[in-house]
Amino acid sequence: MKIIAFVGLPLSGKTTAAEIAREMGIPVVVMGDVVREETKRRGLELTDENVGRVASELRKKEGMDAIAKRIIPKIRELGKNHGAVVVDGIRGIAEVERLKKEFGEDFILIAIECPLEIRFQRALKRKREDDVKTIEDLKKRDERELSWSMEEALKIADFTIENTSTLEEFREKVRALLDRLIEKVEIEVETDIHPTEDPEKVINAVKNIFPDAEIEIVDGKLKAKAKSLEKFRDLIRRQRILDTVRSEMIKNRRGREITLLLNKQVATVSKISFTDYDATLSPIIVRFRLYRVDFEKFLNYIAPKTKAGKPVGEVESLWS
Ligand SMILES: Nc1ncnc2c1ncn2[C@@H]1O[C@H](COP(=O)(O)OP(=O)(O)OP(=O)(O)O)[C@@H](O)[C@H]1O
């Protein structure tokens, strides 16, 4: 699961970026909603003043990362089915640090940059009730945000998007970056390592099929995550087993998950063959979890139908 947050000064384009994520089917957790919920829970009316006061109180009592802490369960819940969640409304470094601690490498921070003058012009155009009326007011608002160490957050961002050109160009940049960052398919690999087996050999068997697998061995079990499907796809084509793989995938699909059981011994010589759970040496269990690609497309990407031994209706890329 990837957790993506946008950070930037007022009017830089954070809400617009989150909106694009929503359009792409990525759920968005709005930090402000947590504060609004808390305001309601306290029986207060949802005015700007009340919401602002509750936010300050939460931060004073529970620390500067109070709101980040409260959204973590929400992120986990939404992430279960989507593979990615966007967080809208990060304000300071404490919040970034909390989310980094919680999600590690899966947390990605994107800074949106835009100079004061352009942001001010956009405020004049947006005319939201709480929007600044003068450039001096916007400078003050910037300073308030910077006092929460937003500058540090901007500095440590993994990516920076400039939003100085047209809205359409900005939307395109955000869309392209999100598309690159978010996994469409999660690949999980698992197998038991028997006492009689050489762990190195088992690792190699997995790497023969998923060369980029990040492998962990815990209590005699190998667990791995991989990203690239290329080698797997290539082996299937070289062995000319598209039909077999296709029917295995259809047979072993449960909703958005496809579980394939590969013969471990055969994998040690870089070949694919299927087995069952009772195999003498336990199988290599490969689980594909589809997030932002439908089963048909995935199936036609990995193992399209064939006619006279040639693939038909093959999908060349999951990314287009
Ligand atoms: N590239 C752009 N060209 C023109 N208008 C833009 C561009 N990017 C954003 N805007 C407009 O500028 C305004 C501010 O954008 P947005 O609400 O996304 O910023 P924000 O960072 O979420 O602001 P705030 O911090 O005030 O919530 C919006 O009216 C939006 O439509």
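Here are a few questions and answers about aromatic rings and a glutamate in this predicted model.

Q: How many aromatic pairs does the structure hold, and which residues form one aromatic cluster?
A: Happily, the count is short to state: the structure holds 3 aromatic pairs. As for the cluster, its members are Phe210, Phe232, Phe288 and Phe298.

Q: Is the pair of phenylalanine 232 and phenylalanine 288 stacked, edge-to-face or tilted?
A: A pair of aromatic rings is described by the distance of the centres and the angle of the planes. For phenylalanine 232 and phenylalanine 288, the centres are 5.6 Å apart and the planes meet at 45 degrees. Stacked needs an angle under 30 degrees and edge-to-face one over 60. The angle of 45 degrees therefore makes this pair tilted.

Q: How many residues apart in sequence are the parts that this pair ties together?
A: Let's place each ring: phenylalanine 232 belongs to helix H11, residues 230-238, and phenylalanine 288 to strand E11, residues 284-290. The pair therefore links parts whose separation in sequence is 56 residues.

Q: Is phenylalanine 232 buried or exposed?
A: The cut-off for buried is under 20% relative accessible area. Phenylalanine 232 has 0% relative accessibility, so this residue is buried.

Q: Which ring does the charged end of arginine 233 sit over?
A: The distance from the charged end of arginine 233 to the ring centre is 4.0 Å. The ring belongs to tyrosine 301.

Q: Which residues is glutamate 145 in contact with, leaving aside its neighbours within four places in sequence?
A: Glutamate 145 is part of helix H7, residues 135-147. At 4% relative accessibility, glutamate 145 is buried. With those sequence neighbours left aside, its contacts are Gly8, Leu9, Pro10, Arg91 and Met150.

Definitions and conventions. Residues are numbered from 1 along each chain as its sequence is written. This is a predicted model: local features need pLDDT of at least 70, side-chain atom pairs count only at pLDDT 80 or more; totals for chains, interfaces and linings use all residues. Side-chain values use heavy atoms; hydrogens and water are left out. Rings of Phe, Tyr and Trp (its six-membered ring) pair if their centres lie within 6.5 Å; planes under 30 degrees apart count as stacked, over 60 as edge-to-face and the rest as tilted. Helices (H or I, at least four residues) and strands (E, at least two) are DSSP runs, numbered from the N terminus. Buried means under 20% relative accessible area, exposed over 50%, partly exposed in between (1.4 Å probe, protein chains only). A charge sits over a ring if NZ of Lys or CZ of Arg is within 6 Å of the ring centre and within 35 degrees of the ring normal. Contact means heavy atoms within 4.5 Å.
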